[in-house]
Amino acid sequence: MSSLSDVLSEFVADPDAIVLFSPSRGFYDRFADADSVVVVAEENVVDAEQFVELPLSFANVRDRVRFGIEGAMDDGILEEGNTAVCVTSIFDDENDSVSRVRVNESMRSGIYDLFTNSRADPSVIRDVFDVAIELGKKGQKGKPVGALFVVGDAGKVMNKSRALSYNPFEKSHVHVGDPIVNVMLKEFSRLDGAFVISDSGKIVSAYRYLEPSAEGVDIPKGLGTRHMAGGAISRDTNATAIVLSESDGLIRAFKGGTIILEIDPEEY
Amino acid sequence: MAVETVLNAIRRVFTGIPPRVWLSVVIVIIGFVLSYIVAAVNRQILERAGVAESLEGTAIERTAREFGTSTVRIIAKLTGYFVLLLSLLVALTVAELGYADLFWSGVAVFLPQLFVAVAIMLIGVVVADKAELFVAERLRGIKLPEIGIVPALVKYSILFVATLIALGQIGVATLALIVLLGAYLVALVVFTAIATHDLFASCAAGVYLLLNQPYGIGDEVRVAGQRGIVQEVDLFVTRIETDGEEHIIPNRSVFKNGIVRIRE
């Protein structure tokens, strides 16, 4: 057993920062004397000085750790070459795993950027994700459903697209995150075309046929036209495209023409 | 023998006291019991109504805690004392202690007023504290050191009004204070009107723009000499974007200068 604790103590030796994911207050207080403690959680319940807000409780631990590290890098808490020890949970809400992460620029996958540095407000992106997750979980009347949300830079997106039919959201002032919206979007998701959502979260239009130029869009082969359109519009404008796939049920987010994040709604 | 004389003496003393005094003693005892019951019931009611929770965190509650009590208890006790004092007054009247009449009649009028004044003050302090907390909570997102003055201002305004009402209750001349309050309110209204004039004008124009949507997101327009694509229309401003530039134009000027919609 001593070898196991040796390995572990080596593993957690001299970190530049300790990154705690959603710690309880008691657990956080145990690190009171440590130099640099970063808390990554949905809400800063422990009043930590260094805090990175988690927009989604990523079920994928890799994404969660990435997001936390990128957030810490963005706040200048961590920089290239540092090592961080992350305490997080894989199975239940309890802390059950420790990982040692060497920070380097190639870690920047853009997950953090996707939420915080997009044109649209972070809360809007989060709300769209919530809607997409719910849509992916339940589908339309039990059948899997696909949807394409283009968030932010709505003016340009509207100029690079055309209406397939009358816009059901014309002269309405509905925002994602409004309580009624989930039902509404679920109903409208059987329409063809994309939803366009403005920077502040207003649903500008449904039924949009996107006409971006698809040059230089780098998405995995085998994804359909919906993904291609989403990737292309995110490259052509400053918008973020959030796509719910009808065939495999995954949600993918595109920014700048590349796929940034892939999540499975069933895990949330 | 000795015991008998003592008993006789006691009997004589008791029979010497007129029945009215007995009655008043009974009234005082009833008053004691009643005040205790009223205080207890009041406390129950206040706690059931969730007053205790809503007072959580206010300054008065914290001070009360320091003295090992709570605001709810203080209010309950006050009502108890009020009932007790009332019963004492009734008892004194019944006992017909003539020499005290004049004094007590004055007190009888004054006492309820004093109680109302104290109650108003208490409510005022609590409401002021609550308002301060509420405003501070709302302003938490704004990271500006001077913003701390706004909650304090709200608190002292409410306290000031409460003091005025309380003093008015017990008949202290408050004319000067009312004049002060009037001046303060006028200043507040005038400054607010001047400061928010542009905002209100923009807001009014914004309501029209949102309801009628003469232009929408994605339209190319020219407003106030700026040409570009509309990105966002909200209550106060319109955001228009050209290559690399974003113009944030107050809705007031959209209305004043008119809008050119560009169609190709």
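The legends below describe close-up views of a predicted model with chains A and B.

**View 1. Overview of the predicted complex and its confidence values.** The predictor assigns the complex an ipTM of 0.72 and a pTM of 0.66. For chain B the mean pLDDT is 82, with 93% of its residues at 70 or more. Where pLDDT is low, the predicted coordinates should not be read in detail. Chain A holds eight helices and 12 strands. Of the 268 residues in chain A, 40% are buried. When contacts in chain A between residues at least 6 apart in sequence are taken, 58% of them join residues at least 24 apart.

**View 2. The contact region between chain A and chain B.** On the chain A side 11 residues are in contact, and on the chain B side 10 residues. Helix 6 of chain A, residues 154-159, gives the most to the chain A side, with five residues. Sorted by class, the chain A side has three nonpolar, five polar and three charged residues.

**View 3. The open sheet of seven strands in chain A.** The strand order is 7-9-8-6-10-11-12, and the pairing is mixed. Strand 7 (161-163) and strand 12 (258-263) of chain A are the edge strands, each pairing on one side only. Direction ignored, neighbouring strands of this sheet are turned by 35° against each other on average. At one edge, strand 7 of chain A is joined to strand 9 of chain A (residues 203-210) by three bridges, and the two strands run antiparallel. Within chain A, A:S161 stands opposite A:L210, which belongs to strand 9.

**View 4. Helix 8 of chain A against strands of chain A.** Helix 8 spans residues 225-236 and lies across strand 6 (147-151), strand 8 (194-197), strand 9, strand 10 (240-244) and strand 11 (251-255) of chain A. Relative to strand 10 of chain A, helix 8 of chain A runs at about 170°.

**View 5. The largest nonpolar core, centred here on A:V128.** This core has 78 residues, and the members that touch the most others are A:V128, A:V150, A:F195 and A:I197. Helix 5 of chain A (residues 122-138) supplies the largest share, seven residues. Apart from neighbours within four places in sequence, A:V128 is in contact with A:F149, A:V151, A:V176, A:I197 and A:I242. A second, separate core has eight residues, among them B:A117, B:A128, B:A162 and B:A166. In soluble globular proteins, nonpolar side chains tend to be buried together.

**View 6. Two loop residues of chain A with positive phi, A:S22 and A:K171.** A:S22 has a phi near 45°, a positive value in a residue other than glycine. The loop that holds A:S22 lies between strand 1 (17-21) and helix 2 (25-29) of chain A. A:S22 counts as buried because 21 C-beta neighbours fall inside 10 Å. A:K171 has a phi near 55°, also positive in a residue other than glycine. A:K171 is placed in the loop between strand 7 and helix 7 (181-188) of chain A. A:K171 counts as exposed because 10 C-beta neighbours fall inside 10 Å.

**View 7. The open sheet of five strands in chain B.** The strands follow the order 4-3-2-1-5, and their pairing is antiparallel. Strand 4 (245-250) and strand 5 (259-261) of chain B each have a single partner strand, so one side of each is left without a neighbour in the sheet. From one strand to the next the twist averages 45°.

**View 8. Two hairpins in the sheet of chain B, one from strands 1 and 2 and one from strands 2 and 3.** Strand 1 of chain B (residues 220-223) pairs with strand 2 of chain B over four bridges in the antiparallel sense. The hairpin of strand 1 and strand 2 of chain B has two residues between the strands, and B:A224 in the turn has a positive phi of about 50°. B:V223 stands opposite B:Q226 of strand 2 of chain B. Four bridges also join strand 2 (residues 226-233) to strand 3 (residues 237-242) of chain B, and these strands run antiparallel. The hairpin of strand 2 and strand 3 of chain B has three residues between the strands. B:E232 has B:R239 in strand 3 of chain B as its bridge partner, and B:V230 stands opposite B:I240 in strand 3 of chain B.

Definitions and conventions. Residues numbered from 1 in each chain as written. Chains lettered and ligands numbered in written order. Predicted model: local features only at pLDDT ≥ 70, side-chain atom pairs only at ≥ 80, totals over all residues. Contact = placed C-beta atoms within 7 Å. Nonpolar A, V, L, I, M, F, W, Y, C, P; charged D, E, K, R; others polar. Pairing = 2+ DSSP bridges. Axes fitted to C-alpha atoms, helices over the stretch in contact; angles between N-to-C directions. Core = buried A, V, L, I, M, F, W, Y, C linked by C-beta atoms within 7 Å. Buried ≥ 20, exposed ≤ 12 C-beta atoms within 10 Å, placed from the backbone. pLDDT = per-residue confidence, 0-100.
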